[in-house]
Amino acid sequence: MSAPVTLEKIIALCKRRGLVYQSADIYGGLNGAYDFGPMGALLKQNIRAEWSRAMRNASDEIVFFEGSILGPHAVWEASGHVAGFHDPMVDCLNCQHRFRADHIDLEKACANCGLKKWTEVRQFNLMFQTNVGAAANQTSVAYLRPETAQAIFINFKNIMSSSRVKIPFGIAQMGKAFRNEITPRQFLFRTREFEQMEIEWFCRGENALQTFDWWCEQRRKFYEALGIKMENIRFRAHEKDELAHYSTCCTDVEYQFPFGWKELEGIAYRGDYDLSQHSKFSGKDLSVFDEASSTSYVPHVVECSVGLDRLFITLLFDAYCEDQVDGEERVVLKLHPRVAPIKAAFLPLIKKLNEPVDKIYQQLRHEFSIQFDDSGSIGKRYRRQDEIGTPLCFTYDFDSEATNTVTVRHRDTTTQERINIDQIANYIRKQCA
Ligand code: GAP
């Protein structure tokens, strides 16, 4: 039985193995921002690839899109974010610690200093504001996007007229979003700079609720296919008072983190709110014409929105295990092979055997994300690979030359078998498909 995984263990592993570092670490760190190391960058790439694949599998009526991060004031005014994208904030008058008012009980004392001296609750807009161009005035105000979705809505007509899509269809986008969170916390769970993967599905209003259920099912399949333990996933419908300003019904995909059940993804029925708002504010007609009935209508939207960074730590929490191998403690990330940063490691038993191993490695490195490792004992090298979730380790030993074979060791079971060197590529393809 594995010891419970904690946030501290995940943070330590991330730093130790080059997954995630505190941003601007050598300058004392920037709160709410993180840098992704070599293994983290690969894991992120793989998650993006899996999400894109899930989109393509869900429907061939999905197109991909990349909008700009900067958006003018008008966009965010129309979207409702200038007026409504606030969190309530409160400060402790004694120690100046800042809290989200909805995350604490104001009847109780400050958790930091133990006194009960609160300021008034104030609303704090979460958008990062900037000015575009040399003049800083009212007309140059722009924002770093707090969600990627709005660029999709304002390009809806561009995409419809330049790609051969018809309602119903979806526009999928991945990219950075920024929120000046009052209290960024729990490592990658709530940060100020993060990445979102969003699909906006445009349909007729009368089909939206059925589509909403269909998307919930698609998203369940996605998490299942990623190998996440389904007992740690639940779908929770929002109460009316939890709904965002644009949403008429919403279900959160929640994961059971060590710090409780928390939102991983939001699936929202946004009605025709977004296209209608942008139509009203821009003066551009964003309705579509239905030839069958010769009428125009504004499409409704079902959205699935997941944070890449949040999914990143979800996968780490879910995959993290501690067990014993040959009487020694080991940490192992039982990641699905498709998201594992490194698919296979190539290990000469001793340095004298480096040459033939390097030859195999050089032949395969163009196709697979693999590593050559000859430093330290073989046990140490296995542990290193276990900690970054490498599913396979191929070891070249004293019998290899005569038999043209290597041993392959499986991460989760640590069992080993011998295979022919010519079969290695197929073996990786099969195991990591
Ligand atoms: N377009 C809809 C939208 O942005 P949201 O519930 O505010 O909805 C969607 O965000 C997802 O983005 C969340 O479920 C979460 O995974 C991720 N997310 C939101 N804020 C985040 C933050 N501060 N840090 C990391 N991920 C965040």
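Here is a short tour of this structure, a predicted model, taking in its domains, its empty spaces, its salt bridges and a couple of backbone details.

Let's start with the overall layout. The domain assignment splits the chain in two: domain 1 covers 7-85 + 126-316, and domain 2 covers 342-431. Notice that domain 1 is written as two stretches of the chain. Measured out by their C-alpha centres, the two domains sit 39 Å apart. Where they touch, domain 1 puts in 6 residues and domain 2 puts in 7 residues. Together they bury about 550 Å², and carbon and sulfur atoms give 55% of that area. On the domain 1 side, three residues do much of the work: Arg 17, Met 39 and Leu 42 supply 70% of the area that domain 1 buries against domain 2, more than any other three residues. The interface of domain 1 and domain 2 also has 2 salt bridges.Next come the empty spaces. Rolling a probe the size of a water molecule over the atoms shows where empty space is left. The largest pocket holds about 1300 Å³ of space. It has 43 lining residues, and the closest to its centre are Arg 100, Arg 179, Arg 190, Glu 263 and Arg 310. By class, the pocket lining divides into 13 nonpolar, 12 polar and 18 charged residues.

Which elements give two or more residues to the pocket lining? They are helix 4 (81-84), strand 5 (86-91), strand 11 (193-203), strand 13 (249-257), strand 14 (260-271), strand 17 (300-307) and helix 9 (308-319). Strand 14 gives the largest share, with 6 residues.

There is an enclosed space to look at too. A search of the whole structure turns up 1 cavity of 30 Å³ or more, and the largest cavity has a volume of about 40 Å³. Around it you'll find Tyr 34, Phe 36, Lys 176, Leu 188, Thr 191, Glu 193 and Asp 309. Sorted by class, that lining has 3 nonpolar, 1 polar and 3 charged residues.

Now for the charged pairs. Side chains of opposite charge can pair when their charged atoms come close. Across the whole structure, the count comes to 34 salt bridges. Here are two of them:

| Salt bridge | N to O distance |
|---|---|
| Glu 387 and Arg 16 | 3.0 Å |
| Asp 290 and Arg 204 | 3.3 Å |

The pair of Asp 290 and Arg 204 links distant parts of the chain, 86 residues apart. Asp 290 belongs to strand 15 (residues 288-290), while Arg 204 is in the loop between strand 11 and helix 7 (208-225).

Finally, two spots in the backbone are worth finding on screen. What kind of peptide bond joins Ile 167 and Pro 168? That bond is cis, with omega at about 5°. Pro 168 is in the loop between helix 6 (156-162) and strand 10 (169-178). The other spot is Ala 24, where phi is near 55°, a positive value in a residue other than glycine. You can look for Ala 24 in the loop between strand 1 (20-22) and strand 2 (34-36).

How values were computed
Residues are numbered from 1 along each chain as its sequence is written. This is a predicted model: local features need pLDDT of at least 70, side-chain atom pairs count only at pLDDT 80 or more; totals for chains, interfaces and linings use all residues. Side-chain values use heavy atoms; hydrogens and water are left out. On a 1 Å grid over the protein atoms alone, a cavity is a set of points where a 1.4 Å probe fits but cannot get out, and a pocket is an open set with protein on both sides within 12 Å along at least five of seven lines; lining residues have an atom within 4 Å of a point. Grid points are joined across faces, edges and corners, and a volume is the space filled by probe spheres set on the points. Helices (H or I, at least four residues) and strands (E, at least two) are DSSP runs, numbered from the N terminus. Ala, Val, Leu, Ile, Met, Phe, Trp, Tyr, Cys and Pro count as nonpolar, Asp, Glu, Lys and Arg as charged, and the others, Gly among them, as polar. Domain bounds come from an automatic or database domain assignment. Contact means heavy atoms within 4.5 Å. Buried area is the accessible area (1.4 Å probe) that two parts lose on being put together, summed over both. A salt bridge is a side-chain nitrogen of Lys or Arg within 4 Å of a carboxyl oxygen of Asp or Glu.
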